[in-house]
Amino acid sequence: MNSIVIFYSRAGYNYVNGEIKKLEIGNTEVIAKRIAELTESPLFKIEQVQPYSDDYSECIDEAKRDQRLGVRPEIKEFPNNLKDYDLIFLGFPNFWGTMPMAMFTFLENTNLDGKTIKPFCSHEGSGFGRSIEDIKRICPKAKVEKEIDIHGAMIFEEELKEWIK
């Protein structure tokens, strides 16, 4: 089965284990890169045309506002060859109970009918929230398989390998 890892991740100042820390690479990207290595899959990073602020507090305000208003941020590009892939590893951080709004932009504007989606999520204690339900609602003709949530970027290799199977 041909697979691709598609993810949204945010570097900069983030909440990590109870503290605000500057991350050069976002937690979800760390996980996405490991999945890509283990599956020999290409990576595709979803990036907003207007990224959220590097400052944690400002980012929270911006992202909460977008979620409250149902904003679909413009993203820089979409993958152009998804017809070549059967399996999509779909990753994102949990933003207040669901996916970042840029993931909604991606999913609502991409035909994933007949694809298998394996969601993964980085979080600081909140798990997936309602994001699995949101994926199933947006992509009703895709098969959404068992998800894995990872606290921060603490990858448990054996658990990750078992989930990938």
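**Buried sites, helix packing and cysteines in a predicted model**

S53 has a relative accessibility of 14%, below the 20% limit, and therefore counts as buried. The structure described here is a predicted model, and S53 is a convenient place to start a tour of it. This serine belongs to the loop that runs between strand β4 (43–45) and helix α2. Leaving out residues up to four places away in sequence, S53 touches R10, E58, C59 and E62. One of these partners, C59, returns below in the discussion of the cysteines.

From this loop, the description moves to a strand. V5 is part of strand β1, and its relative accessible area of 0% places V5 among the buried residues. Apart from residues up to four places away in sequence, the residues that V5 touches are A32, I35, A36, S41, P42, L43, F44, F89 and F120. For one of these partners, F89, a separation along the chain can be set beside a separation in space: V5 and F89 are 84 residues apart in the chain, yet 4.7 Å separates their C-alpha atoms.

Helix α3 comes next. Which parts of the structure cover its buried residues? The cover includes β1 (3–7), α2 (56–69), β5 (87–93) and α4 (131–138). Helix α3 spans residues 101–108, and seven of its eight residues are buried, so the helix is largely enclosed by the rest of the structure. The buried residues are M101, A102, M103, F104, T105, F106 and L107.

One element of that cover, α4, can be followed in more detail. Two packed helices are described by the angle between their axes and the distance between the axes. For α3 and α4, the packing angle is about 25 degrees and the axes lie 10 Å apart. That angle is under 35 degrees, which means that α3 is roughly parallel to α4. The crossing of α3 past α4 is right-handed. On the α3 side the contact involves F104, L107 and E108, and on the α4 side D134, I135, R137 and I138. Sorted by class, this contact of α3 with α4 holds four nonpolar residues, three charged residues and no polar ones.

A second helix pair is formed by α1 and α5, the latter covering residues 157–164. How are these two helices arranged? They pack at an angle of about 60 degrees, with 11 Å between their axes, and are therefore oblique to each other. The crossing of α1 past α5 is right-handed. R34, I35, L38 and T39 of α1 make the contact with E157, L160, K161, W163 and I164 of α5. By class, the contact of α1 with α5 comprises five nonpolar, one polar and three charged residues. I35 has already appeared above, as one of the residues touched by V5.

The loops offer some further points of interest. E40 sits in the loop between α1 (27–39) and β4. Its phi is near 55 degrees, a positive value in a residue other than glycine. With a relative accessibility of 73%, E40 counts as exposed. W96 lies in the loop between β5 and α3. The phi of W96 is near 50 degrees, which is again a positive value in a residue other than glycine. W96 is partly exposed, at a relative accessible area of 33%.

A third loop, between β8 (148–151) and α5, holds A153. A153 has a relative accessibility of 26% and counts as partly exposed. Setting aside neighbours within four places in sequence, A153 is in contact with N27, V30 and I31. A153 and C121 are 32 residues apart in sequence, and their C-alpha atoms are 9.7 Å apart.

C121 leads to the cysteines. A disulfide is a covalent bond between the sulfur atoms of two cysteines. How many disulfides does the model contain? The count is zero. Why does C121 form no such bond? The closest cysteine sulfur, in C59, is 15 Å from the sulfur of C121, and this is too far for a bond; the cut-off used is 2.5 Å. C121 is also buried, at 0% relative accessibility. C139 is likewise in no disulfide, with the nearest cysteine sulfur, that of C121, 16 Å away. With a relative accessible area of 5%, C139 is buried.

Technical notes: Residues numbered from 1 in each chain as written. Predicted model: local features only at pLDDT ≥ 70, side-chain atom pairs only at ≥ 80, totals over all residues. Heavy atoms only, no water. Buried < 20%, exposed > 50% of the residue type's maximum accessible area, 1.4 Å probe, protein only. Helix = DSSP H or I, 4+ residues; strand = E, 2+ residues; numbered from the N terminus. Contact = heavy atoms within 4.5 Å. Axes fitted to C-alpha atoms, helices over the stretch in contact; angles between N-to-C directions. Parallel < 35°, antiparallel > 145°, perpendicular 65-115°, else oblique. Left-handed = near helix turned anticlockwise from the far one by under 90°. Nonpolar A, V, L, I, M, F, W, Y, C, P; charged D, E, K, R; others polar.
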